[in-house]
Structures are given as structure tokens and as C-alpha cells.
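Grab a coffee and work through these exercises with the viewer open. Each task is followed by a solution, step by step.

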2 protein chains.
Amino acid sequence: MERILSNEIKNYIGKEILVKGWLHKKRAMGGLMFIVLRDRRGVVQILVEDKNEGEKLQGIQIGSVLQIVGNVISEPRAPGEVEIHEPKIQVLIPVTEAGPIEIDKPISHKSDNLDTLFEYRVLGVRNIQEGKVFKIRSELNRYIREFLNKNEFVEIQTPKILAGATEGGAEVFKFDYFGKEATLAQSPQFYKQIMVGAFERVFEIGPAFRAEPSTTSRHLSEITMLDMEMGFIESHDDVLQMTENLFYSVLTRVYEEHGEELKSWNAPELILKPSFPRYTLKQIHEMYTKATGTDTTREKDMTPDEEKWICEYSKKENGCEAIFVTEFPIESMKFYHMVNPKDPTTVLWADLLFRGLEIATCPMREHRYENLVSQMKKAGLNPEHSGYKYYLQAFKYGLPPHGGFGFGIDRLVEKTIGLGNVKEATLFPRDINRLTP
Amino acid sequence: MERILSNEIKNYIGKEILVKGWLHKKRAMGGLMFIVLRDRRGVVQILVEDKNEGEKLQGIQIGSVLQIVGNVISEPRAPGEVEIHEPKIQVLIPVTEAGPIEIDKPISHKSDNLDTLFEYRVLGVRNIQEGKVFKIRSELNRYIREFLNKNEFVEIQTPKILAGATEGGAEVFKFDYFGKEATLAQSPQFYKQIMVGAFERVFEIGPAFRAEPSTTSRHLSEITMLDMEMGFIESHDDVLQMTENLFYSVLTRVYEEHGEELKSWNAPELILKPSFPRYTLKQIHEMYTKATGTDTTREKDMTPDEEKWICEYSKKENGCEAIFVTEFPIESMKFYHMVNPKDPTTVLWADLLFRGLEIATCPMREHRYENLVSQMKKAGLNPEHSGYKYYLQAFKYGLPPHGGFGFGIDRLVEKTIGLGNVKEATLFPRDINRLTP
């Protein structure tokens, strides 16, 4: 007898079928017993009247793996409008001890429960509501890849074990590599630029590692990055256009195809235009200072509160809750960024903000060898270091004007669903305090 | 003026167009100069007659980034059957020093040239022939994902930083994680099994790290793994069927859609049947011993020569160069494998061999909590270790019968194209001697 999955049961009314899954709920009601069985497509309710069958479930806990043969009855009040009657139950794997968390009702995501959420994640993901987060995450990844494939981006897989040269900025994890010091990649930055020389357009979705001793709701020590790089651009604007095209197409698609799941998470309505408003950092500081009375005009970056404020502002004023922040000051540049030729106090670097959070960084790169070497030296880096030597080869032997983005997939999932902490969107988050599960 | 890409130029005969790309070849012929320009779609030949234009290319080396406006002429002898005449050349990025390797002709993959191949990989990937390897790799990844999505597998992203418990077998890299000892994941084994409890069917394509002090043609210290796991299987056979379905569909598709690229690499003809022959390890030892006179009947695994021999044998006898090796001896089992209930001296573990190399391992797992704990203890492992504690939770609270595979993507690409060393199929390979580029 072939297994029937829960969402197909409605096609078998009046017939005897075989179902398999996890015991998801069990309740007694006036001598009757109702159980709910979960499989990968959903749930089905089963009415157990026969005492001999009911006895098989004595002492059997949620999570037990069952195989049931029974008759399908139309039952408008049950999930999926069907019910299985006269079940013959076989307990494949009995769970004899009640689990440490309840998984048949939504798990609290309140900040004081997050540690419990992560500690019991192994079981928590079996919660149907929780599972939706990671199904949406899987779908987001798929939509992103489809968009990039359609736009001729070649997917690459670059090394995560590096010779130790860093991009500057975040801290790195170091380890012994057969007697040499190696570091874990904080991004595929150098490799994606190198690969522009081969394919013009490349992308990667993979892990990146940052030894930031941070416990905020925005940081992880291991993140999933979507990195893209494109060559032969006319200007920085080409990068921003590709970024907004990708973001708009992926987000509208996930809202179209997974609207119900998003609604069950109370995800906010998606308010997006195909072209995103652009503000310089200076403009935002001035607007925010004027609106709130808190003076940020001397800040070199945005404060978290400014990020929230400008997205709210743009949602109301422009009907678009994604915006680009442009013209970051030269003081915060990385050595591989391109200085703004129209204003050498700023860099051709834009951040994409969405729903109050920085989701992606989308700069143009300095592609001229001599300029790059001089920017490295200015930043106190040694161009002869073996981690830079090969990177510089790509420029010495010809790279066209190029730029790209680094997207935090974890943050994207967080904000798409409307969660409050990046760790909620990550299966098994890692931070300074958490190395398990 | 909009940039026209090389493969579209044939639609502009008689018109003036703009092209951009890298100088790929340059040769003088009786007062004339021919150059070849490379872009992401291919190449185009350009005839330079005007001395002033020719002078712009004086001292300009391969790799220089050019922008050219010129007239499109039909020219059956040129690549793409078109040529650009009367070019007006602009050198966007001049390369003034000849590169350390030639990239306008195929790069040798002979074993004594491999170190040069990897040392100059940054430039080597610009070689059109070399680039095909990584385009095919990108496509293989895409086909695999499409197959798995169609079969309801949810893509997961699991942590690469672990608390230190290992699966046994390969060596691990260790490092300091905010004062605790952490290791780099040698596979997503534990996490994919855990996730069967949520989604039944999951997969991941990501890096895995093995501190193997090895320099063979089969090993890397950082590999890309395709990991799949599926629950509610009836028997080990379900895993093998899913494996051969995926392998057959992906390989026939890459041969159909990328036949020309594969031919240019002299990739062997694909000889595959939808269902792969299965031999027990014992059978192979006996067949090989009989055929070659070298006695392997007391080996616990296959020798590299046996792997080659059995694939050749099956290609000739069965018309299928992929085979499963089944019934590995219990001595080589990992603690999470399932002992063969029909023969407790063997394990429900199969290897997929293709063209003489082990490409994937496809075992069934022990899903019963008590058995698993007892197998751990037998293997000398501590079930209380924090790296195992969470893993065991998944079993204690109910996991159905399940199994899956671990595919080496690097090996798959190597054998699909017909390369001789796994490192040739990896963009920037890592082994005991190589940590750069």
C-alpha cells in the first residue's frame, strides 16, 4: 500500500489509505480519542474509537512516528476537511518521554524566550509555524538564484579557508592549517572580483565568518551571504539597478507565492516600488535631525534608530519601504572601494535598507591597479602579502569597471517575515555565547 | 550607444556597433593587425587597418580592457562569421606587462603543470577553455537544485562552526571560538538528520572541511558537498533509487545542454542506464581477484584500482559506467549507520562509483535512539558531549527511518568533464601544500 500525503487525502474519500507521520496532538473527548498526524505536507486528524487501537497510544508522546491505515471520511470541521476513521495503528518509533518544549502550538519569539527557542531548536523546527520560516528561506534562495541565472550570473564556490589577508573591518577567526596560520573568510569579496575577469557576472551564496564579540539582534558570527559582482558597468547606478531589480522581483514573488505563510507570521504588507528612493547619508542625517531633534549630522554612519526612521519615512512619503543610502564618507571606506570622482570626500558605496535594517552593501570598486595599490598602502596594508598578491594580479592584468553587493540572507529572511532578531531566521545561530546546537 | 555582446553581433551586419571586452589575441599580418576581443559570451575578431588606431595598441598586452566602435562585416572565416572593421578603439584599462601565463590557448593539465595551473588560476580562468569547467560546474549545481526542488527537498543552511564533536573518520580543523574550542564542519551530517524531523526531505550544497594531510588526486582539505537526507523510507533501496534518479537526470541533462563544451574537453561519451548495477563489496573483490590475479578478498574497502576496474567492467558488460557498491563490512561503519538486519556483518551503506571514482556515499541511518546510543558507546564516543547531545535529542523525540547521500561536487565535476585530478575542477583548491590563491 502506498503512502498518501496529508494534502492529498481529500482525493480518497470513502477509501482506505495508508498515512505515515509524527504524532502531533492527542486529546481525549468523552470516551473518544482524536489524534493529529503531521507529515511534510501538513496534518490530518484521526478519530480513534476502538479501545484496542487507543491502547497502543497509551504512554506514547508527541513526536512518536506512526503508520496508520484507515478510512477517509469527509469532515468539514477537521483540518483539510477530512478525517480518518477506524484506524489500524502501528507505532514505528515510540517516544516515551514528554519533550522539553511544546511543539503543537506556536513557540514564543519574545526576547526573553529566544534563548529557549535556540536551545531547543532541534525540536522547535518540527513546529509547523516555525518550519514556515525555513521553508520561506529555502524559497527565497531559489528565487534569488533564478533571477541571477536569468541575468547571466555564473554561480561560483570560493574557498572559505584563506591565507590570512583581510578586507579590514570585521574580526576574523584564525586557526592552524598544517603549520601555517589560516583565517576563515569574512566574505568572498576578493574572489568574486577576481572572477569578474573570467565571467563578468558571478554570484555565490555561502557562509561567511566574523569573530565579532557581539550579542545584538543584528549580528551573528556565522552568516549566510549572497554575493554578486558584475563587470563592464557604466556607473555605480548599474549596480543599484541590478540590486533593486533583484530585490523587487524576489520579494514580490515570495509575497505572491507564500502570502498565507507570511500572514500567519503577521508579516507586514509589502510596500515596495520597482525603483527605490535614494538619499545621501548627509540628507538622512539632516532630515532625521530636523524631525527628531537628535543631532546626528556629525555621525560617519547611520545610527540604528536612523535606519528605522528613514525606512518608515520612505514608506509613508514614497510608498516604498526599501531605500538606498548613498555617498558614505571617505573615512569609512574600505581600500577596494571607489572614491566618488564628483566628490572625493565620499565613496561610491550604497547601502540597501529594508524595514529599518541594512540588508545589503552595494559599492563600486576601484578597478585601476595603481589606484588600488595606493589605496591599500594608505590603509596600512601590505600589497606583497600572499593574501593580496593574487588578488592584485587580477587588476594588474586587466579588470573592467565593476561593482556588486553583499546581501545578508539571514537579515533578508528576518525582515521579509517580520521577525525581530536575525537569529530567529537562522536554523542554528552562532554568536559569542552560542556554539550549539 | 548600447553595448552589443559577441554572440549577437551577427544580427548587426552592415551596422555600426559598440563592443567591450578584454584583448584576447593580437597579431600582425602583412601590415594589417587582427585583434580578438573576449566578452562573457565569446569572442569577436577585429581588423585594424588605420595606423592611428593601431598605435593605440602599441605596448598594450593581452588582458587590456577595450571599448570599440566599428562596422560589422560578414566574414565566414572569422569566429562567429563576422568581423568588425574600421574600429575606433578606446583603451579603458591598459595592461602594460605581459602576463605570467598565456591565456589565448588551452592551458596544459598534465600532472607536471598542475602546480602552475593553480598558481596562476586568477588569470587562467580567463582562458575560454578553462572557463568552461566552471560554467559546467555552475550548471550542474543548478540542475541538481532543480531536481531536488521538484522532489520536495527543502534547502537548508547549517552551521560550519561546531562545538567539536566529530563523526569519526576524517581529521578536523580546530580553532579558538571566543575562548571555547570549535571545529570546522567535516559535513552537515548531524544537521541534515536533525532536519528530517522537520521537513522529511532536506538538502544542502556547501563547503566541508577535512584536515587530511593528503596530496592525492582525490583529496582536498576544503570540498563542496551536496548533502541530502530523506525520511519515511521503506528501505535502503529508496535512497539508492533517489540517488540514481538524480544522477541520471542531472548527467544526461548536462550532456544534452553542454555537449559542445564537453566535447572540447574530450569528455568521454556518457554511458548510463536509468538504473545502476549493484555489486556487493565481496562480489567486486572476487570478480577483480579472478580477473586480475591480484587478491583483494581480504580488503575492508575497495582499492583505487578496483574502483577503476569495476566501472570499466560495468561499462562494457552492463552499458552503465555508474555502479553501486553495497554491503560494506561492519568494521568500517560509522556509529550512525544502520547494521544490515539480514547480515549483521555488513552495513546498509552503498557507494556510488562513476568512471572509476567514488562520487557519493549513500547509507541508511540507525534511527532508533537506544540502538544509536549503544553504537556510539561501542565506537568510544560520549553521548553526553555537547556536540552529540542535541543530535541525540532528534532521535529521542522521534525520527522515522531515513537515509541520504553525501556527494562530492568537485569529484562530480572532475568526472563529468573527464579531468584527472579533483583540484582541476575546483576554482581555488586547498590541500596540505596550497592555501593560495
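**Warm-up: chain A overall**

Among contacts in chain A between residues at least 6 apart in sequence, 64% join residues at least 24 apart; two residues are in contact if their C-beta atoms, placed from the backbone, lie within 7 Å. Before going on, note that this is a predicted model, where local features need pLDDT of at least 70, side-chain atom pairs count only at pLDDT 80 or more, and totals for chains, interfaces and linings use all residues. Residues are numbered from 1 along each chain as its sequence is written, while chains are lettered from A and ligands numbered from 1 in the order in which they are written.

**Exercise 1. Take stock of chain A: how many helices and strands does it have?**

Step 1: chain A has twelve helices and 18 strands. Helices (H or I, at least four residues) and strands (E, at least two) are DSSP runs, numbered from the N terminus.
Step 2: along the principal axes, the C-alpha atoms of chain A fill a box of roughly 85 × 55 × 40 Å.
Step 3: of its 437 residues, 48% count as buried, that is, with 20 or more other C-beta atoms within 10 Å of their own.

**Exercise 2. Work out how chain B is related to chain A.**

Step 1: rotate by 180° with 0.0 Å of shift along the axis, and chain B superposes on chain A with an RMSD of 0.0 Å. The fit is by least squares on the C-alpha atoms of residues with pLDDT of at least 70 in both copies.
Step 2: the two copies are therefore related as by a two-fold rotation axis.
Step 3: look for Phe175(B), whose C-alpha comes closest to that axis of the residues of chain B, at 2.5 Å.

**Exercise 3. Describe the side of chain B that touches chain A.**

Step 1: 71 residues of chain B are in contact with 71 residues of chain A.
Step 2: helix H4 (residues 128-150) of chain B gives the most to this side, with seven residues.

**Exercise 4. Trace the barrel in chain B: in what order do its strands run?**

Step 1: the closed barrel has five strands and runs S1-S2-S3-S5-S4, with mixed pairing. Strands pair if DSSP finds at least two bridges between them.
Step 2: zoom in on S4 (residues 65-74) and S5 (residues 82-93) of chain B, which run antiparallel and are joined by nine bridges.
Step 3: find Ile68(B), which stands opposite Ile89(B) in S5(B).

Conventions. Nonpolar A, V, L, I, M, F, W, Y, C, P; charged D, E, K, R; others polar. Buried ≥ 20, exposed ≤ 12 C-beta atoms within 10 Å, placed from the backbone.
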